[in-house]
Amino acid sequence: MTQEPLLEIKNLETVFFTDDGIIKGCDKVSLKVNPGETLAVVGESGSGKSVTAMSILNLIPDPPGRVMGGEILFQGQNLVSLRQEEMRKIRGNHIAMIFQEPMTSLNPAMTVGDQIAESVILHQHLGKKAAMKKAEEMLQLVGIPAPTQRLKEYPHQMSGGMRQRVMIAIALACSPSLLIADEPTSALDVTIQSQILKLMKKLQEQMGMAVILITHDMGVVAETADKVAVMYCGSIVEYGESHDIFFNSKHPYLQGLKQSVLSIDDMVDELPVIKGNIPDPLHLPQGCRFEPRCPRAMDICKKERPRPVYFNDKHHACCWLHGGDHDTRS
Amino acid sequence: MVRLKSFYLFMLSILLQVWWFPMASLDWISYGLFTSMTLGLGLFTIAMARNKKRQTANTMKGSRELMWLRLKKNKTAMVAMGVLIFLSYLTVLAPFITPQSPLDTDWGALSQGISSTHWLGTDDMGRDIFARALFGIRVAMGIGVTAVVLNTLIGTFLGLLAGYYGGKTDTLIMRLLEVWNAIPFILLAIAIMAALGTGIGKLILIVSLSNLMAFARIIRGSVLTVKEHDYIAAARVIGISDTSIILRHVLPNCISPILVLASLSIGETILVIAGLSFLGLGIQPPMPSLGGMLANGQQFLHENFLMSLVPGVTILLIVLSFNLFGDGVRDALDSRLND
Amino acid sequence: MLNYTLRRLMLLVPLLFFISVMIFGILKLTPGDPAVVLLGERATTEALELTREKYALNKPVHIQYVKMMTHLFTGELKSIYYRENVIMVVLKKMKPTLELGGAAMVLAILVSIPAGIISAVKRNSFFDYASMTTALFGISIPVFFTGILLIYFFAVKMRLLPASGYGGGIFTMDGIRHLIMPAFVLSFTMMASTTRITRASMLDVIKEDYIRTARAKGVREFTVIMVHAFKNALMPVTTNLGNQIARLFAGAVLTETVFAWPGVGRLAVNAIFRRDEPLVFGCVLILSFIYVVVNLLVDLFYGVINPQIRYE
């Protein structure tokens, strides 16, 4: 299967210059997304998932942050080297994004209709009327009842779930080929969460777009992802197809992450957790960044950072545990 | 704690200045003030130095210390504070700095320029402009700070009452304040002056009633949030009196907004007092006031520009320093700005 | 919105009532015989007796209040100094004051809002530092000192503009020449604080999630700032406008004094010195009413720009 990837990130480095020092938000992140497939990016908060996503769209607030190295190839075009004006034509048009906080991600001073129509007018050069009609169709599509009236309403008149549907409508209004969803359901009630996920799945199939789903919820990953990238402290520690990640995981961090979300019918007395916290990004460990929390840490883990070890075509992990057994292909 | 107490002592000694009006014969009061201010400032510095040593050992800091640390980092605010301290010393030491009296007229030297006897010249009546400006600073800062302190106390009291008791008390206080606030302050001042006449006491009274709404509203808001906490209910259950709850549990939690608002409003208050004095409604001659000096100076704009320039620049310097310091306090206390 | 407007309008009536009661109450604090206060010290005994009868000064306070108000509006309340009905005296001086205040307000808004937006967008740039420093001076310098400085440089030294006085209306060349300095002086403080507030609220809004959403949609940066951000930043700026206008009143009194501008502010201050109590009452009351009405307009504008109020 040699498919031309829709998006390919190579060695992306995004750096934040803070008063206290330099923080690497993304440290040599590489990943691929094929057309139509779903890639889940998993990790604790602060692991660099959102930074990666924002880097793709060049939305990192500068200052303090900046993309310092690497390539982001989208349909063969390197997004890192694009000028602001060219980038603007891709945002919302070919790549769209949904954010975590539906309560604050919509402009309180604009009607929902205007907010959806805005990107349609901008990218598809439709007139105001046609764009509003398109907005109405989009509201219908994301399952909002009485779209004609809702069009003229303001965000504060809607519930959280409803607003996230509007966010999806905004994102999909120009039929992008890639949708980045940054924790789209974490701020919502559990029942609404599954509704939104189902809606996204349905629309993805309808429109044939690829999705990068950023989440810390392994349950969501299991439901939706084709491939999974696990991030820790700004780098990808394990990457592979969903099946491999769930049934053949290699990295102790991922193993710990999976254990901590055991389903209730496993009936354990005490939920296993990964001990400790994410290290201070200003003072990262010299060797493997997971070493201080790793139950299976070895001497070498303290000294040197592990390089990716490939288990098959797509499945790889960065861990010294597997360093001797398999040859690296890179 | 020493640090705070010495700071209060220092502030108190500045406050005391207002009760010593420019009578150059009372030099011993000046001396007393100087001693207490130096003592206060000295203790303050020692306590700060000691505090610095402690910091390295102890990383857990109280919110007040944290605020102080942030404020110390703000260079402009520190410079402004330095200027204010310098000005306070200057005014207290005024009789020792210049032999000239702010009141005595030198008929041989009317409306003169800069000279060695009269450092910044003399006004139309031969009075020394430098001496008058020094005493003007004293009066402006003294009355300004006193008025803001009173304003803060009254506003806080009303806000506490409204927020803590709620219901009818709340409605009554807030409605009254709304009406009070619906009349521009200058008009209230004019009405009160028209009814009662002018004078220092009345001036302080009027200015200390100027900004009540802002204080009361902020305090009421904080009290309402604090009241939600369980420990207030717990305190009530074990039978602690209302006064005690307010003083021990509610008030300490509202300190930050009070401090910010108070330090931000000193500058404006001084401007208001200077403005009223300029109109002839504030500090009355012969007592030197910066606003009054400017009003006088405007009449002699053609002959002697120093008469306007000196008091004008002086007010600007004082208010600018208070505003910079107030901005610093706000930035240090408002955690929202520090993320 | 209709609901909101009606509610505001209905609040106007009790507010105006209480304001007049409060001002009446303050003036009642005057020590001495109110009849003497009303007529001046040279009044004859018969005249005093007549006045007591006319203003019900020998009756309870609330009746006195009603009498005072009816006399004010029927024109029977006369200024001691001008010997003319108080309302007429005030209205004659109203035009210059409104011109001055209006020009200052328009100027302040026209300068401060763009300056605040640019400062926020180009944060830490030269423009930001320059405008923030100017604004800091603007809120720290006394209105009358700005006025005196301008008079000194532009009237005394360079002889470009008239030092003081009223030139006769905003639509005459001379009127404008006379208006330039006072209007600038009066607007400077408001300009300064509005610039600071605009900048601060723009900085707050730019951090919001919905600005990121707008950028992610591919909206032009100019549109992001001017439409998405500014629409929201305008709300705190508007809320603060009421305070600004109150300060404008204080500034107007001072500016009118510095520039010998024949307006209501100076009229009121002079009335104090002339012990013209009825005129003080009239000036303060009418100016307060104007302030309340202007504030109402600001509130209504706030309702227009804030959809949470519009769709209550």
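Tyr232(A) has Ser235(A) as its bridge partner in E10(A). That pair is a good way into this predicted model, in which local features need pLDDT of at least 70, side-chain atom pairs count only at pLDDT 80 or more, and totals for chains, interfaces and linings use all residues. Residues are numbered from 1 along each chain as its sequence is written, while chains are lettered from A and ligands numbered from 1 in the order in which they are written.

**The sheet in chain A**

Strand E9 (residues 227-232) and strand E10 (residues 235-241) of chain A run antiparallel, joined by 6 bridges. Strands (E, at least two residues) and helices (H or I, at least four) are DSSP runs here, numbered from the N terminus, and two strands pair if DSSP finds at least two bridges between them. The hairpin of E9(A) and E10(A) has 2 residues between the strands, and Cys233(A) takes a positive phi near 50 degrees there.

E10(A) also pairs with strand E12 (residues 316-318) of chain A, again in the antiparallel sense, over 2 bridges. Here Tyr239(A) is the residue opposite His316(A) of E12(A). Is E10(A) mostly covered or mostly open? Mostly covered: 6 of its 7 residues are buried, that is, 20 or more other C-beta atoms, placed from the backbone, lie within 10 Å of their own.

Zooming out, these strands belong to an open sheet of 8 strands in chain A with mixed pairing, in the order E6-E7-E8-E3-E9-E10-E12-E11. Its edges are strand E6 (95-98) and strand E11 (308-310) of chain A, each pairing on one side only. On average, neighbouring strands are turned by 20 degrees against each other, direction ignored. Helix H6 (residues 160-172) of chain A lies across E6 and strand E7 (178-182), running at about 170 degrees to E6(A). Angles like that run from 0 to 180 degrees between N-to-C directions, with axes fitted to C-alpha atoms, for helices over the stretch in contact.

**Chain B on its own**

Chain B has 15 helices and 0 strands. It has 339 residues, 44% of which count as buried. Among its contacts between residues at least 6 apart in sequence, 73% join residues at least 24 apart; a contact means C-beta atoms, placed from the backbone, within 7 Å.

The average pLDDT (the predictor's confidence in each residue, from 0 to 100) is 77 for chain B, and 78% of the residues score at least 70. Residues 21-26 of chain B fall below 50, with 9 contacts in the model beyond near neighbours in sequence. Residues 56-61 of chain B are also below 50, with 1 such contact. Where pLDDT is low, the predicted coordinates should not be read in detail.

**Who touches chain C**

Both chain A and chain B have a side that touches chain C.

| Contact | First chain | Chain C |
|---|---|---|
| A with C | 24 residues from chain A | 18 residues from chain C |
| B with C | 33 residues from chain B | 38 residues from chain C |

On chain A, helix H2 (84-90) and helix H3 (112-124) are the elements giving two or more residues, and H3(A) gives the most, with 4 residues. This side divides into 10 nonpolar, 9 polar and 5 charged residues.

On chain B, the elements giving two or more residues are helix H8 (185-196), helix H13 (255-279), helix H14 (290-299) and helix H15 (306-333). H8(B) supplies the largest share, 10 residues. What is the class make-up of this side of chain B? It has 26 nonpolar, 7 polar and no charged residues. For these classes, Ala, Val, Leu, Ile, Met, Phe, Trp, Tyr, Cys and Pro count as nonpolar, Asp, Glu, Lys and Arg as charged, and the others, Gly among them, as polar.

How values were computed:
Contact = placed C-beta atoms within 7 Å. Buried ≥ 20, exposed ≤ 12 C-beta atoms within 10 Å, placed from the backbone.
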